[in-house]
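Subject: Structure handover

Hi,

Here is the structure you asked about. Please open it alongside this note.

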Amino acid sequence: MLNAEFNKETFKNSVKENVKMLYRKNLEEASQQEIYQAVCYAVKDVIIDNWLKTQKAMDEQDPKILYYMSMEFLMGRALGNNLINLTAYKQVQEALDEMGLNLNLLEDQERDPALGNGGLGRLAACFLDSLATLGYPAYGCGIRYKYGMFKQQIRDGYQVEVPDNWLKHGYPFELKRPEYAKEVKFGGYVAQEYDETTGRVNFVQKDYQSVNAIPYDMPIVGYDNDVVNTLTIWDAEAIQDFSLDSFDKGDYHKAVEQENLAKTIVEVLYPNDNHYEGKELRLKQQYFFISASVQRAVAKYKKHHDDIIKLYEKVTFQLNDTHPTVAVPELMRILMDVEGLGWDEAWEITTKTCAYTNHTIMAEALEKWPVDLFSRLLPRIYQIVEEINRRFLIQVREQYPGDEEKVRQMAVIYDGQVHMARLAIVGGYSVNGVAKLHTEILKKQTLKDFYEMTPEKFNNKTNGITQRRFLLHGNPLLADWVTEYAGNGWITDLPKIKKIAELADDTQAQKEFMEIKHKNKVRLAKYIKEHNGIDVDPNSIFDVQVKRLHEYKRQFMNILHIMYLYDRLKKNPDMPFYPRTFIFGAKASAGYERAKAIIKLINSVGDVVNNDPTIKGKIKVVFIEDYRVSNAELIFAAADVSEQISTASKEASGTGNMKFMLNGALTLGTMDGANVEIVEEVGKENAFIFGLSADQVIEYENNYTYDPMSYFIHDQDIHNVVMDLISGRYSNGDTMMFRDLYDSLLTPKNAPRPDMYFTLADFKSYAAAQERVEDKYRNTSAWARSAILNTAHSGKFTSDRTIQQYVDDIWHLDKITVRK
Ligand code: 26W
């Protein structure tokens with residue numbers, strides 16, 4: 001066991017030594033931040049040994065390696081998680097206690113590394129945890145953004161974005177690896193040069209600008225197995241110091257440009273979630289980290305193998321959505337232009353190496369790059385994409401003679417644009433969706449022509465989450481309770497948690513479960529008091545919606561329902577009403593005005609409702625500022641109700657839904673994404689399901705038969721609540737403040753049709769489901785039973801299961817052994 005290395009006395013000394021070494025201070029003089037750093041370095045010491053051992057095992061065992069390519073890794077804090085996975089959390093907590101230090105407070109010193117937006121980035125982080133825990137050889141490949149996801153402040157009810165300078169104090173766990181730097185080239189033109197020795201024509205990029213990609217490695221600690229995998233994130237540096245060399249060479253201008261390119265390329269994460277913007281810098285970021293990662297993977301392979309033809313036997317690339325899709329032509333380029341292979345050989349290798357995961361069917365999220373921009377920035381890559389397209393269309397026309405509609409639907413380059421999803425499908429051996437329903441929609445609708453042509457490529461991998469972070473670390477009380485009854489097997493084998501189902505009808509167990517929930521609600525209430533200044537009652541129902549702010553996720557419907565409840569309470573103060581705390585957390589993309597208006601509406605409703613003495617505190621509305629991985633852990637642990645209310649068909653999977661379930665919250669949701677499978681596991685009597693089905697939504701969309709105005713006119717409740725958007729009730733009499741939100745339901749200006757997300761169609765069934773929530777909560781025993789059953793049946797949703805399925809069906813990796 002590794003804990004041996006966490007001999008308490010040695011650890012304490014190491015912390016003291018580190019404070020001295022790093023800051024020339026003794027413990028009493030050091031700040032919390034300095035002590036936090038010292039603790040991290042003490043932990044890093046242990047990790048480094050296992051990191052070396054893992055590296056050595058990989059060198060000896062020469063396994064096939066997965067490269068998980070992702071623009072985003074939403075890692076969250078590392079210290080606590082590393083201690084958990086080293087199985088040293090409790091010992092370190094005790095050691096620090098004995099030194100008069102508090103581990104939780106030290107953990108709070110760490111800035112969340114937030115190199116991601118939402119679901120896709122956090123999924124990548126959970127996958128790395130599971131890969132290391134299962135002992136699979138894998139690298140995460142991404143970008144070392146100087147500024148991650150912005151910090152959100154709420155001022156006067158509005159979102160304000162503040163830069164996230166996460167590297168300000170240095171990041172203790174990272175390791176710079178300048179010896180593995182790679183050059184990445186942009187722009188210029190492609191010359192064809194005849195090579196006399198080989199008799200071949202070479203394609204050579206000329207007049208380009210380039211940057212140096214410098215890798216930084218972060219350790220990914222497996223749970224209790226000594227495995228430490230690596231997340232490599234790339235920084236950009238100028239190729240040379242422009243002030244000296246180039247000035248002499250008379251190339252000053254170019255040198256300045258290259259310096260600027262290096263600075264801007266990794267400057268900041270694009271804060272868009274599910275919304276594509278064709279920004280040149282974004283394409284630069286994509287090619288930058290992909291070119292560097294592919295070069296490094298090929299170089300690493302060549303260290304042990306001289307037969308490049310068999311690359312796919314030892315290397316596989318998983319493309320996390322379309323953002324890393326330039327990996328397809330980049331690998332082709334390296335195989336042909338650098339390794340000297342012909343097209344057919346290179347194509348065979350590439351299409352056996354790359355695999356693609358689709359995370360969204362939202363039309364506005366699909367990446368399409370204008371040919372003009374793409375070819376200017378990546379001239380050689382564009383040539384290769386042209387050729388991929390040319391050859392692919394020959395195939396399409398062969399298979400579907402005379403059917404030009406197929407060409408329109410499938411061409412990689414069409415109408416002046418490069419379609420990245422199509423490139424990823426054509427250039428890879430696997431296409432997967434992230435939940436059963438989502439994969440079915442891909443096969444039947446979004447990608448149906450591709451499915452028809454190559455059905456064998458398509459498969460489903462329902463998402464998952466890591467129970468190590470979201471139960472063991474985030475909810476220690478429940479984790480201990482589960483372990484006491486069911487043993488600790490669930491930590492690496494979540495389905496074992498099912499044993500607690502035996503307790504669902506046990507009155508004593510129900511009481512204990514609810515007490516734990518209550519304590520977690522007290523912990524969250526304290527956080528809310530400290531951060532929002534709002535008093536919330538831990539005896540009320542904690543009804544939570546935390547996720548990125550997006551119209552399709554329908555935070556709008558949630559707040560409209562709260563307005564409706566408030567209105568009813570005002571009109572009927574003595575109606576039966578179980579006190580509720582509605583909790584929101586959400587960042588809106590900086591340029592997404594309507595999403596920002598929804599945040600303002602939530603805060604405005606909160607202002608009115610929270611300060612109205614006549615409703616006696618029966619409703620509280622809290623908007624938690626800067627929702628992120630670290631406070632998410634507190635929030636999931638404290639939730640009673642999990643709001644998963646997206647318009648059916650729009651949420652590819654959702655993963656927050658799984659974190660809530662694991663922590664014993666009941667899902668209030670539509671039959672969308674992974675909710676469908678959650679209900680399948682836990683039973684619909686232990687969830688609250690409402691609303692249109694995906695099929696109904698799609699039918700409305702295809703036939704343009706949905707008429708929100710009829711709901712507005714014929715339903716008095718809906719009429720009232722919608723009118724309250726423009727009555728001034730929540731805006732100090734300003735009837736224009738929420739006018740655009742009102743319009744979005746009835747008379748849209750920027751949308752093809754009104755109420756695109758079917759809010760009014762679902763409103764009444766949502767309200768009815770909310771009544772069922774209240775009824776059930778009144779019966780504490782019934783509620784506790786369902787809550788226990790949610791935790792008990794969450795086994796399927798571990799990312800360990802997801803990863804094992806990727807391994808079995810797509811990657812075919814073998815485990816490495818590190819611990820002897
Ligand atoms: C190009 C702009 C852009 C940026 C991010 C387009 C699309 C994205 C992501 C793919 C959006 C995303 O995070 N999707 C979410 O992925 C999760 C993990 O699979 C799913 O659980 C969510 O349902 C899905 O919305």
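Below is what was found, starting with confidence, then the domains, then three helix pairs.

Confidence

Keep in mind that this is a predicted model. The average pLDDT of the protein is 96. Of the residues, 98% score at least 70. The ipTM is 0.97 and the pTM is 0.98. One general caution: where pLDDT is low, the predicted coordinates should not be read in detail.

Domains

The domain assignment gives two domains, both built from separate stretches of chain. Domain 1 covers 62-76, 112-463 and 805-811. Domain 2 covers 467-692 and 762-794. Taken over C-alpha atoms, the domain centres are 36 Å apart.

The two domains touch. Domain 1 puts 38 residues into the contact, and domain 2 puts in 33. On the domain 1 side, four elements give two or more residues each. They are helix H6 (119-134), strand E3 (151-155), strand E4 (158-162) and helix H17 (436-446). H6 has the largest share of that side, with five residues. By class, the domain 1 side has 13 nonpolar, 18 polar and seven charged residues.

Helices H1 and H2

H1 spans residues 8-23 and H2 spans residues 32-61. Their axes come within 8 Å and cross at roughly 120°. An angle of that kind falls outside the parallel, antiparallel and perpendicular ranges, so H1 and H2 count as oblique to each other. The crossing is right-handed.

H1 brings Phe-11, Ser-14, Val-15, Asn-18, Val-19, Leu-22 and Tyr-23 to the contact. H2 answers with Glu-34, Ile-35, Gln-37, Ala-38, Val-39, Tyr-41, Ala-42 and Asp-45. Together these are ten nonpolar, three polar and two charged residues.

Helices H11 and H14

H11 (residues 327-338) packs on H14 (residues 379-399). The angle is about 105° and the axes are 9 Å apart. Angles of 65 to 115 degrees count as roughly perpendicular, so that is the label for H11 and H14.

From H11 come Pro-329, Glu-330, Met-332 and Arg-333. From H14 come Arg-380, Ile-381, Ile-384, Val-385 and Ile-388. Six residues of this contact are nonpolar and three are charged, with no polar ones.

Helices H20 and H21

H20 takes in residues 476-486, and H21 takes in residues 507-532. The axes come within 9 Å and cross at roughly 160°. The cut-off for roughly antiparallel is over 145 degrees, so H20 is roughly antiparallel to H21. This crossing is right-handed.

Leu-477, Leu-478 and Trp-481 of H20 meet Glu-512, Ile-516, Lys-519 and Asn-520 of H21. The contact has four nonpolar, one polar and two charged residues.

To find your way around, begin with H6 on the side of domain 1 that touches domain 2. Then turn to the three helix pairs: H1 with H2, H11 with H14, and H20 with H21.

Best wishes

Definitions and conventions. Residues numbered from 1 in each chain as written. Predicted model: local features only at pLDDT ≥ 70, side-chain atom pairs only at ≥ 80, totals over all residues. Domains from an automatic or database assignment. Contact = placed C-beta atoms within 7 Å. Nonpolar A, V, L, I, M, F, W, Y, C, P; charged D, E, K, R; others polar. pLDDT = per-residue confidence, 0-100. Axes fitted to C-alpha atoms, helices over the stretch in contact; angles between N-to-C directions. Parallel < 35°, antiparallel > 145°, perpendicular 65-115°, else oblique. Left-handed = near helix turned anticlockwise from the far one by under 90°.
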